[in-house]
Amino acid sequence: MTMRTSIGQIVGKAIKNIVVSENDRSPRVQVFLVFDDETYFELYGDDFSYGNHVYPGTLENVLNYAGRGKPRNVHVHPTPEKETLREVNEA
């Protein structure tokens with residue numbers, strides 16, 4: 001799967017509603033983030049899951065957690081300091 005940079009467009013927006021749609025056909029799961037400026041962003045996939053609660057933590061905590069699975073790519077929006085990304089990619 002190719003990571004799209006469009007997800008960076010949601011940085012700083014305030015989420016007003018979240019809509020989750022489960023379908024019998026592809027995409028099996030759709031998650032819509034509806035923002036208070038009357039825009040929305042869709043996340044979708046046939047094999048899609050998400051956490052069961054909000055976790056406490058910082059960007060550094062998330063990058064450490066995301067790096068544990070040895071991901072091919074990790075994208076952060078907006079892009080943090082190069083040092084932060086280098087540490088994750090070396091982990």
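Visitor: What is the relative accessible area of Lys13?
Guide: This is a predicted model, in which local features need pLDDT of at least 70, side-chain atom pairs count only at pLDDT 80 or more, and totals for chains, interfaces and linings use all residues. Residues are numbered from 1 along each chain as its sequence is written, and side-chain values use heavy atoms, with hydrogens and water left out. Lys13 is partly exposed (between buried, under 20% relative accessible area, and exposed, over 50%; 1.4 Å probe, protein chains only), and its value is 30%.

Visitor: Which residue forms a salt bridge with Lys13?
Guide: A salt bridge is a side-chain nitrogen of Lys or Arg within 4 Å of a carboxyl oxygen of Asp or Glu. The closest N and O atoms of the pair are 2.5 Å apart. The partner of Lys13 is Asp37.

Visitor: How many residues apart in sequence are the parts that this pair ties together?
Guide: Lys13 lies in the segment before strand β1 (15-22), and Asp37 in the loop between β2 and β3 (40-45); strands are DSSP runs of E, at least two residues long, numbered from the N terminus. The pair therefore ties together parts whose separation in sequence is 24 residues.

Visitor: Which strand gives the most to the largest nonpolar core?
Guide: A nonpolar core is a set of buried Ala, Val, Leu, Ile, Met, Phe, Trp, Tyr and Cys residues joined through side-chain atoms within 4.5 Å. The largest has six residues: Ile10, Val29, Val31, Leu33, Phe35 and Phe41. Four of the core residues come from residues 29-35, which form strand β2.
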